[in-house]
Structures are given as C-alpha cells and as structure tokens.
Amino acid sequence: MAKSCAVIGVGQTQYKTKRLDVSMAGLLREAARRALDDAGLTWKDIDAVVVGKAPDLFEGVVMPEIFLADALGATGKPMLRVHTAGSVGGSTAIVAANLIQSGVHDRVLTLAWEKQSESNATWALTVNGPFTTSLVVGAGGYFAPHIRAYMARAGAPDHIGTLVAVKDRQNALKNPYAHLKIPGISREMVESTPMLWEPIRYLETCPSSDGACAMVLASEDAAKKAPAPPAWVHGTSMRSEPMSFAGRDSVSPQGGKDAAADVYRQAGITDPRSELDCAEVYVPFSWYEPMWLENLGFCGDNEGWKLTEAGATALDGDIPWNASGGVLSSNPIGASGMIRFAEAALQVRGQAGDHQVDGARRALGHAYGGGAQFFAMWIVGSDKP
Amino acid sequence: MPSEPNHVVEFPGGYTRSVGPVIGRFLSELRDGRMVGVRTAGGRVLVPPQECDPETGEDVTGEFVEVGPAGTVTTWSWVPRPAKEHPFGRPFAWALIRPDGADTALLHALDLGVFEEGAAPPKFLKTGMRVRPKYRAERTGTIGDIECFLPEVTMINPQAALEYRLKGGQALGRFLEGVAEGRLIGHRCPVCEKVIVPMKGFCPRDGVPTSEEVELPDIGTVTTFAVNNIPDPRAPEVPFVSGYVLLDGAGLTMLTLVAGIPADQVRMGMRVKAAWRPREEWTHSMSNIKWFEPIDEPDVPFEEIKDFM
C-alpha cells in the first residue's frame with residue numbers, strides 16, 4: 001500500500017518572453033525558493049531533487065542534472081532527471097511523488113523549466129534526418145491535421161477553438177504569473193488573427209515563454225509540520241504509445257484514455273465532470289480543450305465541443321478548465337506540465353488567488369507530450385485520501 | 001565637410017602639465033588599472049577627483065576611495081558618423097558614467113559593437129545601462145589608459161554542433177531501395193495483417209518482427225491535412241499543404257506534401273497520386289517524390305477513412 005503524499009509548497013516564476021535578467025540556475029532557484037518558503041523549509045530540509053525539462057535540442061542543455069545539481073541544493077543528495085517530451089513537467093512531479101509514496105523520502109523538491117528565449121522550439125521540432133522528409137513545421141504543423149480530423153469527426157462548428165482562446169486568456173488576466181495578458185480579448189480579436197497552420201489561428205496557439213515551476217512534496221509526517229494546508233495526492237498515472245501505428249487514434253489516443261481511467265480508479269472517481277471541481281489540462285492549441293474533454297471522459301465521444309460552447313469549462317461553469325489561463329497563456333514547455341499539476345494543487349489548497357475556483361476540493365492536473373503519445377495525470381484533493 | 005587646414009601652430013614637443021597631488025593620484029591609479037575618487041568634507045566621492053569641492057569651494061579631504069570598475073550610464077550621446085579625432089572609426093556613444101561608489105560621473109567613450117556608418121543607436125543603449133572599463137595593456141597615466149567602456153556581459157553564445165554518421169538501417173534501407181526504383185514497399189504484420197509503410201521491420205502495435213514485403217501502388221487518399229502559412233525550405237511556396245495519405249492497401253498513413261491544386265481546394269477523402277521527379281534524378285530518398293497530387297476520381301466518403309486518423 002502506497003504511503004500518503006502531499007504538496008506542501010508551490011513556487012512559480014513570472015512567465016514572460018525573455019528572462020534575460022537571470023541564468024538558467026537563477027530562474028530555477030527563484031521558483032525553488034518560493035516553493036521552499038511556501039513549505040516553511042530550507043534547502044537543507046530536502047531529501048532528494050527531481051528535475052524535468054523539454055527535449056535537449058530545445059535550449060541546448062544536455063545534462064541538466066550535472067549542470068544544476070549544486071544550484072538546486074542536491075550536493076550529497078539523490079538527483080534524478082525525467083524526460084518525456086512536453087508531458088515532462090507532469091511525469092517529473094509523479095516520479096517525485098513516487099519517492100514519497102514508496103516511503104524512501106520525506107521531502108522531495110521537484111522542478112521543471114524552460115528558457116525558450118535561449119533557442120527556438122519550432123526549430124528543434126523541425127530538425128530532419130537525412131533519409132526522410134517529415135514536413136512537420138513545429139508543433140502546430142503536427143497537431144493541425146489532427147484538429148481538422150476532430151472537427152470533421154465530431155461535427156464541431158468552426159468557432160469552438162475561438163471560444164477556448166478567449167476563455168483561457170480571460171482567466172490569465174486573473175493570474176499574476178501568466179505570460180499573455182490581453183485585456184479586452186474577444187472572439188473578433190482571435191478571428192482577426194491569421195491562420196498559421198489552418199485550422200489553427202495565431203491567437204489559438206500558446207506563447208513561447210521563459211519560466212520555472214517548483215513543488216515540495218512531503219510524506220504525511222512532514223505535511224503535518226507544514227505551515228499552509230497541503231494538497232493530498234489521490235492518484236497518479238502515466239502512459240505512453242508509439243507516434244504512429246496501424247489503427248492508432250491520433251485524435252483521442254488510447255494512452256490518454258487509459259491513463260485517465262487509471263487515475264480515476266485510484267481516486268475513486270466514476271464521473272469526472274461531477275466529482276472533480278476543476279481541472280488544469282494541457283491545451284497548447286485551443287481545439288485541444290474539446291478533444292481532451294472527450295479523451296479524459298468528461299463527456300461522451302463527439303460531445304466535448306458542446307461543453308465548451310455551453311460555458312461548462314469557464315471559471316463560472318460547472319467544471320472550470322484552466323482557471324490559471326493554461327498553456328495558451330503561459331508556455332515554458334518543459335515546465336508547462338508541472339504548472340498544470342501545481343495549479344491543481346493551489347486550487348485545492350485554496351491558494352489560487354483571483355482565479356480560485358470557489359470551494360475546490362478535488363482537481364485534475366494533466367500533461368501530454370510528443371505526438372500526443374506521452375500522458376501524465378494526477379488528482380489532488382484537500383482531504384487526505 | 002570641414003576643409004583641410006593650411007597652417008598649423010604646435011609647440012615643439014607639446015606643452016607639459018603638472019597634475020598636482022589629486023589628479024596625479026587618479027592618473028597613477030589609472031596606470032595601475034584602478035579608478036579612484038576623492039572624498040569631500042561633506043562625504044561625497046568625486047570622480048575624476050578634483051582639488052576642491054565644486055559645491056562649497058572647500059579643499060577636498062585627503063581620502064581617496066577606489067571606485068568601480070563597473071558603473072552606470074547616466075546619460076549618453078550617439079555618434080553615428082565619427083570624426084577623425086574620435087576614438088573609433090565606427091559609430092559609438094559618448095557617455096557620462098558614474099562608477100560604483102562615486103557620486104559623480106566621468107565622460108568616456110562607450111563601444112557597443114560594430115555598426116554601419118550612420119546607424120541609429122541600438123535599443124540596448126539606455127540611461128541606467130551597466131558598463132565596465134576596458135584598460136589598455138600598455139598604460140602611461142592618462143585618461144586614455146581606459147580605451148573605452150564596454151557593456152557588462154549579459155549573454156554568451158557558445159557554438160556547438162553534434163556530428164553524426166547515420167545509417168537508415170535494414171528496414172528503411174530496403175524501403176529506400178524500392179523508392180530508388182520508383183516502388184513503394186511495405187511490410188505486412190503477421191499478427192494484425194496491416195501493411196506498414198514505410199516499414200520499420202516490426203509492428204509498433206503488436207511488437208513482432210515483420211518481413212513479408214508488399215508492394216503498394218503510389219495512389220491513395222488524403223485523410224487529413226494542415227494548410228501551412230509558415231514558410232519552410234522543404235516546401236515550394238506558402239501556403240503549402242502537409243497531408244496524411246493512406247496508400248491503397250496500407251494500414252496507416254504517410255505524411256507528405258500535397259500539391260498540384262490550390263491549398264484551399266484540398267479535401268479530406270481526396271484521391272491523390274505520387275508526382276515523381278524525372279527518373280534520372282532518383283536517389284535512395286523520399287525526395288524522389290515531389291508531392292502527391294489529385295487524380296480524377298471521386299472523393300472517398302469520410303466514413304471509410306475516419307478510422308485512419
């Protein structure tokens with residue numbers, strides 16, 4: 001039987017286009033220090049450090065665990081690096097949670113980050129080998145055909161993506177850490193922006209951000225001594241699948257469905273829409289909200305766009321998604337998954353500030369990566385499971 | 001342009017200047033690669049040092065204080081077209097620089113890098129910018145011992161490249177052999193019986209090796225696609241269409257360029273055929289196929305392709 005694990009500290013940096021004022025270590029230490037302060041701890045109280053970042057070509061850092069061990073207070077302590085493409089922030093938090101749940105450690109610091117300004121993610125995603133021509137131009141070039149397939153399959157009207165683009169940016173106005181702040185954001189504004197990868201418009205895509213997110217995870221004993229209310233981990237799950245195989249559903253991948261079923265089973269959830277109070281879900285292109293609503297079982301097949309259209313996922317809807325503004329508003333890629341997990345924790349701790357979902361007691365954090373082939377999810381709650 | 005002089009008055013050997021104890025100390029320290037200021041009776045630190053406090057007229061104290069080396073630009077003037085007397089033959093800035101620990105600023109040249117003559121000032125040239133002196137290797141005790149000031153280092157740009165000797169491997173090598181002959185070869189999985197093209201030598205779904213070769217026609221159906229408005233060197237023009245094509249008989253789609261039709265007329269279910277480059281240009285590469293282009297056949301109903309997305 002796994003031991004209890006709680007989030008007792010959360011730290012985020014301001015997300016913005018360029019953090020030229022800090023080194024990579026400095027950026028991480030900023031997030032880590034805030035998480036330690038939140039947990040009422042210092043570096044010496046930490047037993048182990050688990051880090052995650054985007055694929056190496058994204059910012060040209062190949063061995064962060066060596067580069068950053070001392071800066072993250074890991075001297076003489078275990079340090080692990082996790083690597084699962086865009087879902088890495090989520091899987092990093094899960095590996096850290098596993099170290100608590102297994103009883104190995106009492107206090108684990110986990111961090112994820114990206115300084116996109118040091119390089120260019122679209123370049124890194126477009127590097128070609130000599131034998132094939134991939135013709136994928138960045139993440140948008142990869143995901144656009146799958147969005148088109150979803151629209152055709154679900155019979156979704158064209159404006160659904162626009163609604164998500166507006167809703168998440170309205171939420172971002174309430175989040176002090178969010179990168180994109182567009183006062184007066186409207187459907188007309190989104191629709192007036194050019195198609196980059198049709199059917200994806202400019203304002204239906206995520207920004208490129210610099211930023212870091214950190215959490216302190218703790219055992220039950222350690223959580224009792226924490227100054228602020230903890231978020232208890234009710235379940236964690238990861239799945240992966242190949243990018244291409246005969247019979248693959250690229251629109252609603254089996255790996256996502258399986259991970260969701262697994263994490264709901266652990267948390268004792270049978271109807272996520274009614275039993276969860278909110279969700280922070282990895283939506284880097286607006287259409288992925290209705291797509292993941294279906295993949296994660298918040299509704300039946302081809303029904304996701306109807307929830308979005310009805311406002312169910314808005315901050316005042318029955319199941320708010322991405323109250324923080326989500327990936328569409330802040331996207332330090334390597335950290336984006338951990339931000340989802342951390343924001344879910346903030347909600348059930350009642351510490352989400354102006355974007356707090358009233359009375360949130362159980363929340364889902366979700367991340368995906370690669371060609372929608374790596375999935376990481378956790379459910380956190382204000383009550384100890 | 002000022003005209004060239006036609007008469008020069010110059011004291012042979014040049015005038016001398018006794019610098020006195022205050023300026024002398026400043027110049028001696030400069031020769032050693034340091035900047036000092038002098039403290040006034042009121043506690044301010046003057047750089048360059050003066051013999052009296054300009055505010056009160058009183059003598060300064062005898063206390064010299066090391067300042068800098070870093071300092072802050074308090075104001076500046078950009079020189080887009082330097083004159084021949086200027087310290088640089090390319091655009092630079094004059095700046096008042098207050099060294100850390102000083103209460104006054106000194107005037108010096110600020111080198112901001114290489115610019116074309118007449119260039120506008122760079123955006124990073126700002127009041128408040130942090131700078132440091134660049135000392136000459138050979139110093140003589142003059143203000144010119146500092147060649148110029150330079151911006152503080154805020155970024156480095158190390159160059160790195162990973163070099164590989166790549167081989168396609170057995171399965172891809174065999175596929176490209178076919179492509180070099182104008183043929184598209186796949187493998188049939190012995191478990192799911194789907195044809196995988198290009199083959200990998202195994203079925204990613206069933207986890208078994210594959211070896212049964214199946215030749216597929218170069219004709220298929222577009223399942224889904226993106227209209228890309230972002231230029232890419234691999235595509236002929238913008239917009240271009242990257243599409244998934246299900247070759248007839250294949251179990252999965254291939255991502256290719258779809259062309260020969262305006263981008264806004266590409267459809268899901270559209271029937272297409274490979275457009276091959278001239279035979280004499282064929283190599284062991286997928287680039288033998290320029291793109292897939294439409295053929296005169298009715299579209300395939302969505303129902304028949306929806307499970308290949």
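Here is a chat between a trainee and a mentor about a predicted model with chains A and B.

Trainee: What should I know before we start, and how are residues and chains labelled?

Mentor: Residues are numbered from 1 along each chain as its sequence is written, and chains are lettered from A, with ligands numbered from 1, in the order in which they are written. This is a predicted model, where local features need pLDDT of at least 70 and side-chain atom pairs count only at pLDDT 80 or more, while totals for chains, interfaces and linings use all residues.

Trainee: Okay, what makes residues 88–101 of chain A helix H3?

Mentor: Helices are DSSP runs of H or I with at least four residues, strands are E runs of at least two, and both are numbered from the N terminus. H3(A) has 14 residues. The expected span is 1.5 Å times one less than the number of residues. For H3(A) that is 20 Å, and the 19 Å from first C-alpha to last comes close to it.

Trainee: Why is H3(A) called largely enclosed by the rest of the structure?

Mentor: Because 12 of its 14 residues are buried. Buried means 20 or more other C-beta atoms within 10 Å of the residue's own, exposed means 12 or fewer, and partly exposed is in between, with C-beta atoms placed from the backbone. Among the buried ones are Val88(A), Ile94(A) and Leu99(A).

Trainee: And what makes Ala85(A) buried?

Mentor: Ala85(A) has 21 C-beta neighbours inside 10 Å, so it counts as buried. You'll find Ala85(A) in the loop between strand S3 (79–82) and H3 of chain A.

Trainee: What is unusual about the phi of Ala85(A)?

Mentor: Most residues other than glycine have a negative phi, and most peptide bonds are trans. Ala85(A) has a positive phi of about 50° although it is not a glycine. Ala372(A) is another non-glycine residue with a positive phi, near 50°. Its loop runs between strand S10 (362–369) and strand S11 (374–381) of chain A, and Ala372(A) is buried, with 27 other C-beta atoms within 10 Å.

Trainee: Is Glu309(A) buried, exposed or partly exposed, and how do you know?

Mentor: Glu309(A) has 15 other C-beta atoms within 10 Å, so it is partly exposed. Glu309(A) sits in helix H12 (residues 304–310) of chain A.

Trainee: What does Glu309(A) touch outside its own stretch of sequence?

Mentor: Contact means that two C-beta atoms, placed from the backbone, lie within 7 Å. Leaving aside neighbours within four places in sequence, Glu309(A) is in contact with Ile160(A) and Leu163(A).

Trainee: How do you know that chains A and B touch?

Mentor: Contacts again: 30 residues of chain A are in contact with 34 residues of chain B. Helix H5 (138–154) and strand S5 (195–198) of chain A are the elements giving two or more residues to that side of chain A. H5(A) gives the most, with 7 residues. That side of chain A divides into 18 nonpolar, 9 polar and 3 charged residues.

Trainee: What makes S5(A) and strand S12 (residues 219–228) of chain B a pair?

Mentor: Two strands pair if DSSP finds at least two bridges between them. S5(A) and S12(B) are joined by 2 bridges and run antiparallel. Glu198(A), for instance, has Val227(B) as its bridge partner.

Trainee: What joins Glu198(A) to Pro199(A)?

Mentor: A cis peptide bond, with omega about 15°. Pro199(A) is in the loop between S5 and strand S6 (200–201) of chain A. In chain B, a cis bond joins Val238(B) and Pro239(B), with omega about -5°.

Trainee: What else does S12(B) pair with?

Mentor: S12(B) is joined to strand S15 (residues 271–276) of chain B by 3 bridges, antiparallel, with Gly220(B) partnered by Val272(B). Then 5 bridges join S15(B) to strand S16 (residues 289–294) of chain B, also antiparallel.

Trainee: Last one: why are strands S2 (45–46) and S3 (64–67) of chain B said to stand at the edges?

Mentor: The open sheet has the order S2-S1-S3 in chain B, with antiparallel pairing. S2(B) and S3(B) each have a single partner strand, so one side of each is left without a neighbour in the sheet. Strand S1 (residues 35–39) of chain B pairs with S3(B) over 4 bridges, and Met35(B) stands opposite Val67(B).

Definitions and conventions: Nonpolar A, V, L, I, M, F, W, Y, C, P; charged D, E, K, R; others polar.
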